[in-house]
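Grab your viewer and let's work through a few exercises on this chain. Try each task yourself before you read the solution.

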Amino acid sequence: MAAYSELLLAKCDQFRERDEFIDVRLKVGEDVFSAHRVVLAASSDYFHAMFAHGMKEANQEVIELKDENISAAALKNVLDSIYSGNFTAVNDENVFEVLVTADHLQVTSVVQQCCEYLQTEFVQLRSDIETYCRICTIADRHGLKDLQEATQHKMASRYKDVCESEEFLSNIDADQLLNLVLRDDLISPSETFVFKSVMQWIKYKKEERMSAAAKVIGAVRLGLVDIKDLIREINTEEMKQVPEIQNLLLESLVYNQIPSSSTFGGKKIMPRSNGLVLVAVTSKIQMKYFDVKAKVWKPLITLPVAPEINTKYPYAVTFGCKVYVGHGNWVQCFDVERNVWEFKLVSSEVISNLCSIGDYMYSILPSVSQIPERYNIAECRWQRFAKMNIKEDSSNSFYNSGGTAMHSNLYVLYGHKMKVQSSWQIQNAVLHCFDPLRNKWEEKASTCHPHFGSSVFVVSGKLYVAGGCVSVLESGTPYGKPAPVEVYDKENNTWSVINQSRIPPNKLGAVEIEGRVYFIINKFPIDSGIRIPPEELYPVHLDDWQNLRKVNEKAALCYMPLKSESLNVN
């Protein structure tokens with residue numbers, strides 16, 4: 001029966017191509033398309049209503065479609081899909097236009113196909129803010145709830161990466177941000193992190209966004225936000241002008257002091273279903289997580305033991321609900337939602353770390369002589385990209401000192417030593433930036449001091465280097481006194497040293513960055529959640545964090561999105 005219906009549809013398509021039995025023509029601008037009323041009425045509620053209910057177009061030979069949402073190219077695609085039953089004419093460039101046209105003409109089959117295409121090719125495989133905003137706008141405008149839900153779920157799963165991008169600050173509107181912050185499946189390091197991302201979004205375009213500030217701040221689970229950060233951010237002269245915001249602050253203060261008297265609703269104090277948890281992954285050993293309240297490492301007995309991993313210098317990167325862990329030239333993938341180790345990726349080069357940008361994971365290589373690769377998440381394959389434009393020879397030696405993504409570019413720092421006559425002299429580290437759009441590397445400024453074995457990471461949209469040492473052995477092992485903390489000024493292409501006067505001598509790798517305390521453990525930067533007020537003059541107390549260092553030095557550390565029920569212990 002299916003074959004017969006396909007044959008019948010194919011015959012109608014042939015009649016259309018030969019202009020046979022045509023009883024209606026659709027006109028858009030100067031373009032005219034031949035069609036059959038019965039085929040249009042069978043495929044479109046719009047045309048069925050037009051032809052069946054005595055509208056003036058019912059007897060017209062040429063029907064002009066004047067709606068601005070309908071273009072000639074999109075109409076042709078919709079008609080081709082109706083007559084052929086196939087969806088091959090739709091692609092990345094025209095899918096939005098075809099969706100809008102099909103929805104206006106109420107061609108349900110084509111609308112559904114467009115939504116499935118967007119979910120497969122865009123939502124599942126891509127995560128850029130511009131596309132997210134566009135899909136959400138169209139889905140909301142046309143009532144496509146399944147598409148909207150799938151898109152919001154994807155962005156909620158990658159909220160930490162999403163909200164730290166410049167596109168988040170400039171492109172997302174108040175309703176889109178509100179819908180994200182309200183979601184129970186939003187994955188974030190903490191509710192304080194969510195609150196600060198909301199405040200950063202408001203400040204980016206303060207004049208136009210203050211009108212929505214109370215609504216968006218109110219969507220945050222304020223009972224879980226650090227009260228000091230809350231006071232610092234919204235107890236300002238500008239925020240005092242908005243009564244709703246001051247009411248939120250008052251309610252938060254009451255809850256902080258006397259929880260039983262609070263008028264907060266349940267949502268304001270309820271942890272989200274998933275949270276980013278610091279996890280240590282070691283080969284063939286039970287994974288552990290760091291319990292921030294108890295300040296101890298605990299086993300994750302509900303998660304499977306990691307497969308064999310060469311753990312001399314492991315690395316891990318979280319991409320949505322998947323975690324990639326590895327060393328050398330291969331990477332193992334763990335699916336958090338399915339709770340299984342899935343597959344192994346094999347690169348042609350040795351990798352010291354991975355970094356995600358958009359739909360790709362970029363390799364950070366230990367040597368500048370290697371040819372770098374990026375892993376295409378959508379196509380499940382490695383792809384080479386441009387090699388660095390620096391030369392390593394018998395007189396110049398470079399050592400990877402970390403890398404990260406910032407503003408959709410890849411930044412890698414290399415420690416450098418130079419041979420002068422018969423002895424090696426330590427040089428300042430050199431920063432390099434890779435632009436994926438141009439497939440090109442650009443050398444940036446050198447640091448103020450040498451850096452070997454350091455960590456490079458982003459805080460509040462700025463690039464920092466911390467940890468590591470100022471010298472290196474012939475084997476490539478960092479040694480000597482600790483390297484200073486430095487920050488990169490992108491606009492002026494300069495580095496400067498960050499004073500660490502409020503951090504006491506410690507063996508935890510603790511550093512202060514923008515009033516926050518980070519611990520550099522196994523080259524991984526950990527935000528402790530400790531905030532140092534600007535007026536504080538004395539060193540911060542760190543003794544409670546001694547257990548953080550008590551983790552296998554060969555473990556790969558990462559933040560993993562876990563449900564609260566996964567954090568059960570023996």
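**Exercise 1. A covered helix**

What covers the buried residues of α11?

Solution. Start with the helix itself: α11 runs over residues 174-181, and six of its eight residues are buried. Next, pick those residues out: they are Ala-174, Gln-176, Leu-177, Leu-178, Leu-180 and Val-181. Now look at what covers them. The cover includes α7 (129-141), α8 (145-157), α9 (159-163) and α10 (166-171) on the N-terminal side in sequence, as well as α12 (191-204) and α13 (206-219). Finish at the N-terminal end of α11, which is capped by Asp-173: one of its side-chain oxygens sits 3.1 Å from the backbone nitrogen of Asp-175. Keep in mind that this is a predicted model, here and in every exercise below.

**Exercise 2. The whole chain**

Work out how the chain as a whole is put together, from its secondary structure to its contacts.

Solution. Count elements to begin with: the protein chain has 15 helices and 27 strands. Then take the extent, where the C-alpha trace spans about 90 × 65 × 50 Å along its principal axes. For burial, 52% of the 570 residues are buried. Last come the contacts: among those with a separation of 6 or more, 54% are between residues 24 or more positions apart.

**Exercise 3. Another helix, same treatment**

How many residues of α5 are buried, and which helices are included in their cover?

Solution. The helix spans residues 95-104, with seven of its ten residues buried. By name, these are Val-95, Phe-96, Val-98, Leu-99, Val-100, Thr-101 and Ala-102. Their cover includes α4 (72-84), α6 (108-123) and α7. Recall that α7 is also part of what covers α11. After α5 comes Gln-106, with a positive phi near 60 degrees.

**Exercise 4. Three hairpins**

Go through the hairpins β5-β6, β10-β11 and β14-β15, and find the turn residue with a positive phi in each.

Solution. Take them in sequence order.

- Step 1: β5 (residues 285-291) and β6 (residues 296-299) pair antiparallel over four bridges. Tyr-289 faces Lys-298 of β6 across the pairing. Four residues separate the two strands, and Lys-295 in the turn has a positive phi of about 60 degrees.
- Step 2: β10 (residues 353-357) has four of its five residues buried. Its antiparallel pairing with β11 takes five bridges, and Ser-356 has Met-361 as its bridge partner in β11. Here two residues lie between the strands, and the turn residue with a positive phi, about 60 degrees, is Gly-358.
- Step 3: β14 (residues 396-406) is largely enclosed by the rest of the structure, because ten of its eleven residues are buried. Nine bridges tie β14 to β15 in the antiparallel sense, with Phe-398 opposite His-416. The turn has two residues between the strands, and His-407 there has a positive phi of about 50 degrees.

**Exercise 5. Positive phi in loops**

Are Phe-21 and Lys-284 buried or exposed?

Solution. First, the reason to look: most residues other than glycine have a negative phi. Phe-21 has a positive phi, near 60 degrees, and it sits in the loop between α1 (2-17) and β1 (24-28). Its relative accessible area is 62%, and exposed means over 50%, so Phe-21 is exposed. Lys-284 likewise has a positive phi of about 60 degrees without being a glycine; its place is the loop between β4 (274-282) and β5. With a relative accessible area of 58%, Lys-284 is exposed too.

**Exercise 6. Empty space inside**

How many cavities of 30 Å³ or more are there, and what lines the largest?

Solution. The count is two. The largest has a volume of about 90 Å³. Among its lining residues are Ile-364, Leu-365, Met-388, Leu-410, Tyr-414 and Trp-441. Sorted by class, the lining has nine nonpolar and three polar residues, with no charged ones. As for the elements, β11 (360-364) and β15 (409-420) each supply at least two of the lining residues. The largest share comes from β15, with three residues.

Terms used. Residues are numbered from 1 along each chain as its sequence is written. This is a predicted model: local features need pLDDT of at least 70, side-chain atom pairs count only at pLDDT 80 or more; totals for chains, interfaces and linings use all residues. Side-chain values use heavy atoms; hydrogens and water are left out. Buried means under 20% relative accessible area, exposed over 50%, partly exposed in between (1.4 Å probe, protein chains only). Contact means heavy atoms within 4.5 Å. A polar contact is a pair of N or O atoms within 3.5 Å; within protein, one must be able to donate a hydrogen and the other to accept it, and residues adjacent in sequence count only if both atoms are side-chain atoms. On a 1 Å grid over the protein atoms alone, a cavity is a set of points where a 1.4 Å probe fits but cannot get out, and a pocket is an open set with protein on both sides within 12 Å along at least five of seven lines; lining residues have an atom within 4 Å of a point. Grid points are joined across faces, edges and corners, and a volume is the space filled by probe spheres set on the points. Ala, Val, Leu, Ile, Met, Phe, Trp, Tyr, Cys and Pro count as nonpolar, Asp, Glu, Lys and Arg as charged, and the others, Gly among them, as polar. Two strands pair if DSSP finds at least two bridges between them.
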